[in-house]
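Okay, thanks everyone for squeezing in. I'll put the structure up, and then we'll walk through a few spots together.

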Amino acid sequence: MRPSRNKQRPDKGLSLQAAERFRSFLHAKELRVTEVREAIVSAVMAQEGHFHVDELVRDLQRRGVLASRATVYRALPLLLEAGLIQPTVLSGKGHRYEAAFGHDHHDHLICGECNKVVEFQFEAFEMLQREVAARYGFELTSHFHELIGVCPECRARRGTHASH
């Protein structure tokens with residue numbers, strides 16, 4: 001099992017490719033390519049790691065883009081369908097998202113106390129889920145693995161508090 005990317009810097013070329021993919025996706029769906037939609041793609045690709053919708057809205061506002069929370073929420077299904085983002089950290093409060101375009105698939109360990117997220121890749125999970133899907137005649141199109149637990153830092157804090 002190896003750790004995956006975590007908070008890596010956005011790649012400008014990747015951002016341009018994502019914007020082109022989104023334009024093509026919108027054209028194929030006969031939907032309008034707007035400045036706001038393009039700004040949302042740019043802001044998504046600039047995010048480092050996992051983000052909440054409210055963080056994305058604030059980033060757009062800092063960029064001078066007039067995009068309401070509702071506008072961003074309406075864009076999310078399009079970004080998901082185009083393969084630019086994926087939902088992540090589905091358990092708990094406030095779902096988060098991350099850029100998926102140009103990034104390797106990975107799964108998540110989540111601390112149930114401090115909400116720390118660790119990304120990892122584990123080929124055995126991937127092999128097992130393909131085997132289970134085949135056994136039941138399913139064709140997998142996507143999946144999300146979230147393992148919830150307590151991180152070492154929170155366990156250490158518990159230990160120091162328990163002795164007092």
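So, strand 2, residues 85-88, and strand 3: they run antiparallel, and four bridges join them. If you want one pair to look for, take T88, whose bridge partner in strand 3 is R96. And please keep in mind that this is a predicted model.

Stay on strand 3 for a second. Which of its residues are buried on each side? On one side you've got R96 and E98, on the other Y97 and A99, so both faces are covered, because each of these four is buried, meaning under 20% relative accessible area.

Strand 3 also brings us to the core. The largest nonpolar core has 30 residues, and F22, L60 and L79 have the most contacts inside it. Strand 3 (96-99) gives two or more residues to this core, and so do helix 1 (12-28), helix 2 (35-46), helix 3 (53-62) and helix 4 (69-81). Let's zoom in on L79. Skipping neighbours within four places in sequence, L79 is in contact with F22, I40, V41, V44, L84 and I85.

Now over to R74, which lies in helix 4. Buried or exposed, what do you reckon for R74? R74 counts as exposed because its relative accessible area is 57%, and the cut-off is over 50%. Its C-alpha is 10.0 Å from that of R37, with the two positions 37 residues apart in sequence numbering.

Last stop: Q129, in helix 5, residues 123-135. Q129 has a relative accessible area of 14%, so it's buried. Leaving out residues up to four places away in sequence, Q129 touches L140, H143 and H145.

How values were computed:
Residues are numbered from 1 along each chain as its sequence is written. This is a predicted model: local features need pLDDT of at least 70, side-chain atom pairs count only at pLDDT 80 or more; totals for chains, interfaces and linings use all residues. Side-chain values use heavy atoms; hydrogens and water are left out. A nonpolar core is a set of buried Ala, Val, Leu, Ile, Met, Phe, Trp, Tyr and Cys residues joined through side-chain atoms within 4.5 Å. Buried means under 20% relative accessible area, exposed over 50%, partly exposed in between (1.4 Å probe, protein chains only). Contact means heavy atoms within 4.5 Å. Two strands pair if DSSP finds at least two bridges between them.
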